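Here's a friendly walk through one protein model, taken a piece at a time. Have the structure open and follow along.

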Amino acid sequence: HGQAGRLYTEEDPLVILTSDTLKQTLFNSSTAWLVQFYSSWCGHCIQYSPTWKALAGDVKDWSQAIRIGVLDCAHEKNFDICKEFSIHFYPTFRYFKAHSTTFDIGKTYRGADREIQTVRQLMVNFLQNHTRRDWPAGCPPLEPARTENIQSLIGLKSDHYTAVIIEDEESYIGREVILDLMPYEGVVVKRILNSEKVLMEKLGITTAPAAYLFYPNGTHAGMDVQKRIRFFFSSFLKLLPGVHRKQPSSVQQPEQAAIKDQSKSELFKEFDKSKVYMVDLESGLHYLLRVELATHKTLEGVELKTFKDFVTVVAKLFPGRQSVVKLLETLLEWLISLPLEKIPYEAILDLANNKMRISGLHLSERVQWLGCQGSSVALRGYPCSLWTLFHVLTVQAASRPDALANTALEDDPLAVLQTMRQYIGTFFGCRECGKHFEEMAQESISQVKSLDEAVLWLWRKHNQVNARLAGSMSEDPMFPKTQWPTPDLCPTCHEEQDGLHVWNEDMVLAFLKKHYSAANISPKYTS
Ligand code: FAD
């Protein structure tokens, strides 16, 4: 096995342990752990690895209470540690309590059912097995609240929301939502059993599960979600105004705070999340042509080819204002007519400037963001507009299959994706992003066979990036990275199967085609 044959990589939302790190990680840890000791040659382990990754992704937000790890016992380096931990069969699942200081080889889970929902519920039970003394510090209480505690919230003003999940005794949804919201501030989640009849009556709740919300201003109301399932409750709470992911302490540097204050004085413009804004797309193009490209003095070879393909795709597919499309078309004609193997960037800029001056054609005068506004100047903006642009382009390609006829890119369902891939790899200022994107493309882009699949592929990969970046420094606390579209934008896109969130991809495709269609692009703020 080379790199590619490994069952788990650093990209997965779990911790890869080795003999060097196992003990120091598990002992006296501030969180509990669930570790799978596996062997990379064991067929079961290979088959099980997608489930384990899905579980780890599903409980990623619980990491201040319990974390998921793996250790490969087939790796020579790990032979001794697996012996020391008495691992005789693969896979072996072991739980380790938080704050365990004595030598502890963990508790083995012997159940035959290793489905995600079962293991997730076991994790909850295991957490509740901690005593008050060894309780993981980041973990909120998981016991049901009592009627008095909830009643006392009525009419109370506070600096945060309190959500109450009402459920029956067997249900795990309350504890799961409590754990899901652990890394967020601005909301406290409690659970209460539906056997508390007096309270049920008082709040007017007749069926469980249900959720009730106490607002900071002292009012309260039932939580209005389309489906009473974990994902909908959790998403709803994460998206409340004023609720955001806690900043990792390292991020709160003084400079960062200064940037924030500065940008606060700039007016935040209201916008509608269910719309796409032309001003973001044009600002993105402006930035791309004027700033990003400008770092390349001349374009030749792969760069020139990539630039030509990019201009072809936007000139033919960008559903923009007439003047902008005209400008792009002129640029394309000029690029095609030039027999040069090397073009100085200055020439491209001159052309764009001249054309604009002579004929009054123009892109946005300057970069300004609306749907891509960030809470500080360092966040969102350009990369947000680039994602948006490429989603719009894949959707346009799918709805106008002939648009690229008579160009170098005709009849290729991958035309937009490959152009994006080349652009990101060649010009996109964030090198790491380009590397990641290239890895994702190599892994699965060749499976795309139709224009519709291209739309879905880009959506899936974007969500993969969102999952990786959730909680990282490039996350804007005001715009937390979520799996998108969220239930408020598309309730029918979401379903639950065996306790796990799943996408209804037919609905997602229909949603994407509508959301990124020309009809949904608002001209607000374009001059
Ligand atoms: P963005 O992720 O930029 O999304 C913009 C908008 O698209 C959202 O507001 C939402 O309306 C919509 N959207 C969200 N998810 C989806 C989806 N799945 N399908 C369709 N529409 C969606 N940053 C890093 O730190 N590390 C990286 O490795 C990295 N890789 C990147 C790779 C590419 C190709 C690009 C374009 C950007 C990358 N970035 C990376 C930047 C990062 O992905 C974000 O663009 C940036 O952090 C700004 O985030 P945002 O909150 O504005 O939302």
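## A small sheet

Start with a pair of residues: tyrosine 212 sits opposite glycine 222 in strand 10. Keep in mind that what you're looking at is a predicted model. The strands on either side of this pairing are strand 9, covering residues 210–214, and strand 10; they run antiparallel and are joined by three bridges.

Zoom out and you'll find four strands making an open sheet with mixed pairing, in the order 8-6-9-10. Its edges are strand 8 (187–193) and strand 10 (220–222), each of which pairs on one side only. On average, neighbouring strands here are turned by 20° against each other, if you ignore direction. As background, strands of a sheet pair through backbone hydrogen bonds, and they can do so parallel or antiparallel.

## A strand under cover

Now hop over to strand 2, residues 32–38. Is this strand buried or exposed? It's mostly covered, with seven of its seven residues buried. In a regular strand, side chains alternate between the two faces of the sheet. Both faces of strand 2 are covered: on one side the buried residues are Ala32, Leu34, Gln36 and Tyr38, and on the other they are Trp33, Val35 and Phe37.

Strand 2 also has a parallel partner, strand 3 (residues 66–72), and seven bridges join the two. One match to look for is tyrosine 38, whose bridge partner in strand 3 is aspartate 72.

## A covered helix

Helix 8, spanning residues 230–238, is mostly covered too, with eight of its nine residues buried. Which ones are they? The buried residues of helix 8 are Arg230, Phe231, Phe232, Phe233, Ser234, Phe236, Leu237 and Lys238.

## Two crossing helices

Next, look for helix 17 (residues 451–469) and helix 18 (residues 505–515). They pack at an angle of about 95°, and their axes are 10 Å apart. Angles of 65 to 115 degrees count as roughly perpendicular, so that's the label for helix 17 against helix 18.

Who meets whom at this crossing? Helix 17 brings Asp452, Val455, Leu456 and Trp459, while helix 18 brings Glu505, Val508, Leu509, Leu512 and Lys513. Sorted by class, the residues of this contact come out as six nonpolar, three charged and no polar.

## Around the ligand

Helix 17 turns up again at the ligand. Helix 17, helix 14 (382–399) and helix 16 (431–444) each supply at least two residues of the shell around the ligand. In total, 24 residues surround the ligand, and the closest are Pro383, Cys384, Cys433, His462 and Trp484. The shell divides into 14 nonpolar, seven polar and three charged residues.

## Two cis peptide bonds

Trp484 is worth a second look: a cis peptide bond joins tryptophan 484 to proline 485, with omega at about 0°. You'll find proline 485 in the loop between helix 17 and strand 15 (494–497).

Another cis peptide bond links tyrosine 90 and proline 91, and there omega is about -10°. Proline 91 belongs to the loop between helix 3 (79–84) and strand 4 (92–96).

## Positive phi in the loops

Asparagine 28 isn't a glycine, yet it has a positive phi of about 55°. Asparagine 28 lies in the loop between helix 1 (22–26) and strand 2. Why does asparagine 28 count as exposed? Because it has 12 C-beta neighbours inside 10 Å, and the exposed label covers residues with 12 or fewer.

Aspartate 498 is also not a glycine, and its phi is positive at about 50°. This residue sits in the loop between strand 15 and strand 16 (500–503). Aspartate 498 counts as exposed because it has 9 C-beta neighbours inside 10 Å.

## One last stop: threonine 51

Finish at threonine 51, in helix 2 (residues 43–58). Threonine 51 is partly exposed, with 14 other C-beta atoms within 10 Å. Setting aside its neighbours within four places in sequence, threonine 51 is in contact with Arg114 and Ile116.

For a sense of scale, try leucine 289, which is 238 residues from threonine 51 along the chain. The C-alpha atoms of threonine 51 and leucine 289 are separated by 43 Å.

Methods: Residues are numbered from 1 along each chain as its sequence is written. This is a predicted model: local features need pLDDT of at least 70, side-chain atom pairs count only at pLDDT 80 or more; totals for chains, interfaces and linings use all residues. Two strands pair if DSSP finds at least two bridges between them. Axes are lines fitted to C-alpha atoms, for helices over the stretch in contact, and angles run from 0 to 180 degrees between N-to-C directions. Angles under 35 degrees count as roughly parallel, over 145 as roughly antiparallel, 65 to 115 as roughly perpendicular and the rest as oblique. Two residues are in contact if their C-beta atoms, placed from the backbone, lie within 7 Å. Ala, Val, Leu, Ile, Met, Phe, Trp, Tyr, Cys and Pro count as nonpolar, Asp, Glu, Lys and Arg as charged, and the others, Gly among them, as polar. A residue is near a molecule or strand if its C-beta atom, placed from the backbone, lies within 6 Å of it. A residue is buried if 20 or more other C-beta atoms lie within 10 Å of its own, exposed if 12 or fewer, and partly exposed in between; C-beta atoms are placed from the backbone.
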